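Student: I have the sequence and the coordinates open, and I would like to work through them with you step by step. Could we begin once the structure is shown?

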Amino acid sequence: MPSPARSRPPTLDEVAERAGVSRTVVSRVINNGPHVSPAKREAVEKAIRELRFTPNRAARALVTRQTGVVVLAVSGEGPEVFGDPFFAQIIVGASTALEKTELHLMLSLATPVHGRQRLKAFLQTRGADGVMLVAMRGDDPLIDIAAQSGLPTVFVGLPIHGTPPFYVDVDNAGGSRAATEHLLRNGRRRIAMITGPEDTAVGRERRRGYTEALLLAGSGPYAVQPGDFLEKGGAEAMRALLSAYPDLDAVVAANDNMAAGALRVLREAGRAVPGDVAVVGFDDLPVAVHTDPKLTTVHQPVQALGREAARMLIDLLDGARPEPFILPTRMVVRESA
C-alpha cells in the first residue's frame, strides 16, 4: 500500500530502509548502475513505488543549493588534449552515465597558471557540485585545488602519491605483465619497453608489470626507454632503443600512441614486424586497427573508466560512500605480435 500523505517528499535513506539495502544500492538502481543483484534491484524499485519517491535532482537543488554541474578536469598544455582518443572516450563514458540524471558535465582544461586559477576560482565559488580528475601527474596542483574546494572528488586513475578514498582505475600492472608474458610465450627474449612518464602512476604501474613478468621468467628488464604517451615520443624512444640495443626482438609500449610511433620507426629501419621485432601496445584505441601491421595490444575499458567515475560521483552526491574499484584488462592479439 502507498504510504500515507506526508508534508515532505521521501528521502533516499527512507527508500534504502524500506528496501533493506544501502544508500549506494538505491543510487545505483536510480542511475541504472551495475553491480546490483536482481533481488535488490526489485526491492528498491518496489520501495520507490510504495513511497512515491521521485529522484528529482533539480527540485532537491533548491534546498541543497546544488548547481547541477559536475566538472571533468584534465591537466594539459592545450585544448588538443581533448582530441586524444583516450580522453574523448573518457568524456563519452562520463556523459553516458549522466544522461539519465539532471547533472550537466563541464569540461575543464586546467592549463598551467591561467587555467588552474580559473578552475580554482570556479570551484571556490561552489560553481559545481563535484569534480572528476583525470590523469594527474606528480604533485599536480589540481589535486590540492579540488581538496581545498571541499567538493566530492573522484579520481580517474590513481595519483602518484597517496590513495584517495574515491577512484576508478584499471589493472595497469596486470595488463603490462600479460603483454610481456604474451611475448615470452612466443619465444621473444630480448624484450624492451617504452614506458609512460615516470611522474604518473599509470607509467610506473605499467613498467612494474613488464619488470615482474621478466623476473618471473628468470631474467631482468632487457632495455627500458622513457616515453611520453605521444606518437612522436614513441618514435624517438624506438630510435634510441635500436641504436643502443640493435638485437632487440620485441617491444612493449606503454600505450598505443607510442606503439604506433615505434612501428613507423621500425618500418623506416627495415625491421619486419613481427618477424624481426614484435610490438605490443596498451589501450586498444582506434589507432590500434589503423597501424601497419594492426597492433596487438592490451584492452582497457576506457569508456567504462569515465562512466564508472561519473556513477561514483553521482553516488557521492546522493550521500552514499561508494567503494573504489579496479577495472580488468585483456589481451587483444592482432598482427604485430
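**Salt bridges and the sheet**

Tutor: Arg18 is partly exposed, with a relative accessible area of 40%. Please keep in mind throughout that this is a predicted model.

Student: With which residue does the side chain of Arg18 meet in a salt bridge?

Tutor: The closest approach in this pair, taken from N to O, is 2.7 Å, and the partner of Arg18 is Glu50. Arg18 belongs to helix α1 (residues 12-19) while the partner belongs to helix α3 (residues 38-51), so the contact ties together parts that are 32 residues apart in sequence. The residue asked for is therefore Glu50.

Student: Are Arg206 and Asp283, which form a salt bridge, buried or exposed?

Tutor: Their closest N and O atoms are 3.8 Å apart, and the pair links distant parts of the chain, with Arg206 in helix α9 (residues 201-216) and Asp283 in strand β9 (residues 278-283), 77 residues apart. Being buried requires a relative accessible area under 20%. Arg206 and Asp283 both fall in that class, and the word asked for is buried.

Student: How many residues apart in sequence are the parts that Arg334 and Asp284 tie together?

Tutor: The side chains of Arg334 and Asp284 meet in a salt bridge with an N to O distance of 2.9 Å. Arg334 lies in the segment after β12 (330-332), whereas Asp284 sits in the loop between β9 and β10 (296-299), so the parts they tie together are separated in sequence by 50 residues.

Student: How is Asp284 classed by accessibility, buried or exposed?

Tutor: Its partner Arg334 has a relative accessible area of 23% and is partly exposed. Asp284 has 18% relative accessibility, and because the limit for burial is under 20%, Asp284 counts as buried.

Student: Turning to the sheet, which strands stand at its edges?

Tutor: The open sheet consists of 6 strands with parallel pairing, in the order β2-β1-β3-β4-β5-β11. A strand at an edge has a single partner, so one side of it is left without a neighbour in the sheet, and this applies to β2 (104-110) and β11 (325-327).

Student: Which residue of β4 is the bridge partner of Leu133?

Tutor: Strand β3 (residues 130-134) pairs with strand β4 (residues 153-156) in the parallel sense, over 4 bridges. Within β4, the bridge partner of Leu133 is Phe155.

Student: At about what angle to β2 does helix α6 run?

Tutor: Helix α6 (residues 114-124) lies across β1 (69-75), β2 and β3. Relative to β2, the helix runs at about 145°.

How values were computed. Residues are numbered from 1 along each chain as its sequence is written. This is a predicted model: local features need pLDDT of at least 70, side-chain atom pairs count only at pLDDT 80 or more; totals for chains, interfaces and linings use all residues. Side-chain values use heavy atoms; hydrogens and water are left out. Two strands pair if DSSP finds at least two bridges between them. Helices (H or I, at least four residues) and strands (E, at least two) are DSSP runs, numbered from the N terminus. Contact means heavy atoms within 4.5 Å. Axes are lines fitted to C-alpha atoms, for helices over the stretch in contact, and angles run from 0 to 180 degrees between N-to-C directions. A salt bridge is a side-chain nitrogen of Lys or Arg within 4 Å of a carboxyl oxygen of Asp or Glu. Buried means under 20% relative accessible area, exposed over 50%, partly exposed in between (1.4 Å probe, protein chains only).
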